[in-house]
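Good morning, and thank you for joining. Please bring up the model on your screens while I go through its features in order.

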Amino acid sequence: MTVLTTDRLILRDWTDDPADLARIYDIYSRPEITRWLAVSPDLPMTDPAQAVERLRFWRDRHADDGGRYGTWAIEVRETGLVAGTVLLKPLPGTPETELTEDIETGWHLHPDSWGHGYATEAARALLAREFATGTSEIYALVSPGNEPSMAVARRLGMTHVGERSDWYGGELLETFVRRSTDA
């Protein structure tokens, strides 16, 4: 199902199609991606069958969100290539089993899709949609040292507010915020 479109991208549900599952595995088995996702269990993937479990996890996590929140594929319109993942969701607190009212956006792109502006374009569309619902602020949390993701957050007009440990069970993360009034 298509969630949003931009000039170059289609944001859509990940599916259990073999091509999507292969791409999930290809993205989340790469140390250059998963090293920044310390809060995610079972990464990097070591078996293609884990892509099925990851897809199930995403579906279960967002089952009651009515499409407002999700973990979606970023598909490039021109080529059909899935560049990566973009997400929008309530942040898990401390403990992680309890969701907060704070909203997070994030992105995980395959290295073959780095440097094209896809993460910025996809997240910008999600931010606009979420702000239209009345949400007043959206966060991006980035592992310390992940300069490319911090650059995306800045291109989104997000303000760096330092390292915080309010979410993900207390993990210390670089925190960026964009408020609806910043638009």
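What span should the 14 residues of helix H4 have at 1.5 Å a residue, and how far apart are its end C-alpha atoms? The structure is a predicted model, and in it helix H4 covers residues 118-131. The expected span is 20 Å, and the end C-alpha atoms lie 20 Å apart, so the two values agree.

How many of the residues of H4 are buried? The count is 11 of the 14, and therefore H4 is largely enclosed by the rest of the structure. Among the buried residues of H4 are Tyr 118, Ala 119, Thr 120 and Glu 121. Further along H4, Leu 126, Leu 127, Glu 130 and Phe 131 are also among those that are buried.

Let me now turn to the chain as a whole. The protein chain contains five helices and eight strands. In sequence order, these elements give the pattern β-β-α-α-α-β-β-β-α-β-α-β-β.

What radius of gyration would a compact globule of 183 residues have, and what does the protein chain have? The globule would be near 16 Å and the protein chain has 15 Å, so the chain agrees with that expectation. Along the principal axes, the C-alpha atoms occupy a box of roughly 40 × 35 × 35 Å. Buried residues make up 48% of the 183 in the protein chain. If one takes the contacts between residues at least 6 apart in sequence, 59% of them join residues at least 24 apart.

As for the surface, the accessible area of the protein chain is about 8900 Å², and carbon and sulfur atoms account for 50% of that. The protein chain carries 19 positive and 30 negative side chains, and the centres of these two sets are 5 Å apart.

I come next to individual residues, beginning with Arg 54. Arg 54 belongs to helix H3, which runs over residues 50-61. Is Arg 54 buried or exposed? Arg 54 has a relative accessible area of 10%, and the cut-off for buried is under 20%, so Arg 54 counts as buried. Leaving out residues up to four places away in sequence, Arg 54 touches Ile 24, Ser 40, Pro 41, Asp 42, Leu 43 and Met 45. Ser 143 is 89 residues from Arg 54 in sequence, and their C-alpha atoms are 21 Å apart in space.

Leu 43, one of the residues that Arg 54 touches, leads us to the backbone. Where are the cis peptide bonds to be found? One runs from Leu 43 to Pro 44, with omega near 0°, and Pro 44 sits in the loop between helix H2 and H3. Another runs from Thr 94 to Pro 95, with omega near 10°, and Pro 95 is placed in the loop between strand S4 and strand S5.

Tyr 168 has a positive phi, near 50°, although the residue is not glycine. Most residues other than glycine have a negative phi, and most peptide bonds are trans. Tyr 168 is in the loop between strand S7 and strand S8, and is buried, with a relative accessible area of 11%.

Finally, Trp 114 lies in the loop between S5 and H4. Trp 114 is partly exposed, with a relative accessible area of 47%. Beyond its neighbours within four places in sequence, Trp 114 contacts Glu 32, Ile 33 and Leu 109. The C-alpha atoms of Trp 114 and Pro 44 are separated by 19 Å, and the two residues are 70 apart along the chain.

Note on methods. Residues numbered from 1 in each chain as written. Predicted model: local features only at pLDDT ≥ 70, side-chain atom pairs only at ≥ 80, totals over all residues. Heavy atoms only, no water. Helix = DSSP H or I, 4+ residues; strand = E, 2+ residues; numbered from the N terminus. Expected span 1.5 Å × (residues − 1). Buried < 20%, exposed > 50% of the residue type's maximum accessible area, 1.4 Å probe, protein only. Rg over C-alpha atoms; globule rule 2.2 N^0.38 Å. Contact = heavy atoms within 4.5 Å. Areas by Shrake-Rupley, 256 points an atom, 1.4 Å probe, with all protein chains shown as cover. Lys, Arg positive; Asp, Glu negative; His and termini not counted. Charge placed at Lys NZ, Arg CZ, Asp CG, Glu CD.
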